[in-house]
Amino acid sequence: MSRRQQILDTAAELFAQRGFHGVSVADLGAACGMSGPALYKHFAGKDAVLAEMLVSISRWLLDGGRAAAAAHTDPDDVLAALVDHHVGFALEHRALIVVQDRDWSSLPDAAREEVRTLQLAYVEIWAEQLCRRGPSMTRDRARAAAHAAFGLINSTPHSGLLPDDDMRTLLTGMALAALGG
């Protein structure tokens with residue numbers, strides 16, 4: 001793992017525990033085994049850490065969504081792959097879900113716009129597949145269903161009371177059922 005990735009991973013955990021404003025550059029540096037000022041070799045500042053953290057995970061989700069859509073022709077198969085991808089994200093990156101929810105307003109404007117653009121594109125992948133299942137599904141209803149599925153899956157930091165394999169099975173089954181699969 002690169003030093004840069006170590007900083008991002010450590011920052012995600014610290015921000016999730018104490019909030020973006022509750023973590024200083026010195027705290028982050030110490031948790032990474034370096035001085036606070038040494039952090040500036042890797043990032044322009046704490047804002048840049050938050051921005052890269054949330055932009056990169058949004059890009060990763062979108063790339064995985066595109067790959068799922070490209071790998072299958074049947075919309076049910078695509079939705080199953082999308083749910084699997086998102087559940088994997090939620091189980092592996094609980095801290096990022098907390099940070100996104102709690103510290104969204106601390107994100108620099110340009111990064112917030114980029115994250116929003118990436119997330120909207122990700123929602124559209126889900127909505128497209130839901131609309132492909134039948135003519136009765138409107139685009140707005142499909143978007144709402146996608147967001148509802150995200151809410152269910154992204155509850156993992158708060159509802160993850162089971163071992164990860166059991167949570168994966170539970171979340172996958174519930175999300176697919178909620179999407180009508």
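# Close-up views of a predicted model

**View 1. The largest nonpolar core holds 59 residues.** Among its members, Ile-7, Phe-15, Leu-28, Val-49, Met-53, Leu-107 and Trp-126 touch the most other members. Many helices contribute: H1, H2 (25–31), H3, H4, H5, H6, H7 and H9 (164–178) each supply at least two residues of this core. Helix H3 gives the most, with ten residues. The structure shown here, as in every view below, is a predicted model.

**View 2. Ring pairs link Tyr-122, Trp-126 and Phe-150 into a cluster.** The model has four aromatic pairs in total. One of them joins Tyr-122 and Phe-150, and this pair is stacked. The two ring centres lie 5.4 Å apart, with 15 degrees between the planes. Tyr-122 belongs to helix H6 and Phe-150 to helix H7, so the pair links parts of the chain 28 residues apart. Both Tyr-122 and Phe-150 are buried.

**View 3. Trp-126 meets Phe-150 edge-to-face.** Here the ring centres are 5.0 Å apart, and the planes stand at 85 degrees to each other. This pair also links distant parts of the chain. Trp-126 sits in helix H6, Phe-150 sits in helix H7, and 24 residues separate them. Trp-126 is buried, and Phe-150 is buried too. Trp-126 also appears in View 1, among the core residues that touch the most other members.

**View 4. The largest pocket encloses about 420 Å³ of space.** Its lining has 20 residues. Closest to the pocket centre are His-86, Gln-100, Gln-119, Phe-150 and Asn-154. Five helices each give two or more residues to the lining: H3 (46–71), H4 (75–92), H5 (94–103), H6 (109–132) and H7 (139–153). Helix H6 gives the most, with five residues. What classes of residue make up this lining? Eleven are nonpolar, seven are polar and two are charged.

**View 5. The second largest pocket holds about 280 Å³ of space.** A set of 14 residues lines the second largest pocket. Nearest its centre lie Gln-5, Asp-9, Ala-12, His-93 and Leu-96. Helices H1 (3–18), H3 and H5 each give two or more residues to the lining. Which helix gives the most? Helix H1 does, with five residues. By class, the lining has seven nonpolar, three polar and four charged residues.

**View 6. Two charged side chains lie over aromatic faces.** Arg-4 lies over the face of Phe-43, at 4.1 Å from the ring centre. Lys-46 takes its place over the face of Phe-20. Its distance from that ring centre is 4.3 Å.

**View 7. Ala-149 is a buried residue of helix H7.** Is Ala-149 buried or exposed? Ala-149 has 1% relative accessibility, and buried means under 20%, so Ala-149 counts as buried. Along the chain, Ala-149 and Val-83 are 66 residues apart. In the fold, their C-alpha atoms are separated by 8.4 Å.

Key: Residues numbered from 1 in each chain as written. Predicted model: local features only at pLDDT ≥ 70, side-chain atom pairs only at ≥ 80, totals over all residues. Heavy atoms only, no water. 1 Å grid on protein atoms, 1.4 Å probe; cavity = no way out; pocket = protein on both sides within 12 Å on 5 of 7 lines; lining within 4 Å. Points joined across faces, edges and corners; volume = space filled by probe spheres on them. Helix = DSSP H or I, 4+ residues; strand = E, 2+ residues; numbered from the N terminus. Nonpolar A, V, L, I, M, F, W, Y, C, P; charged D, E, K, R; others polar. Phe/Tyr/Trp six-rings, centres within 6.5 Å; stacked < 30°, edge-to-face > 60°. Buried < 20%, exposed > 50% of the residue type's maximum accessible area, 1.4 Å probe, protein only. Lys NZ or Arg CZ within 6 Å of the ring centre and 35° of its normal. Core = buried A, V, L, I, M, F, W, Y, C linked by side-chain atoms within 4.5 Å.
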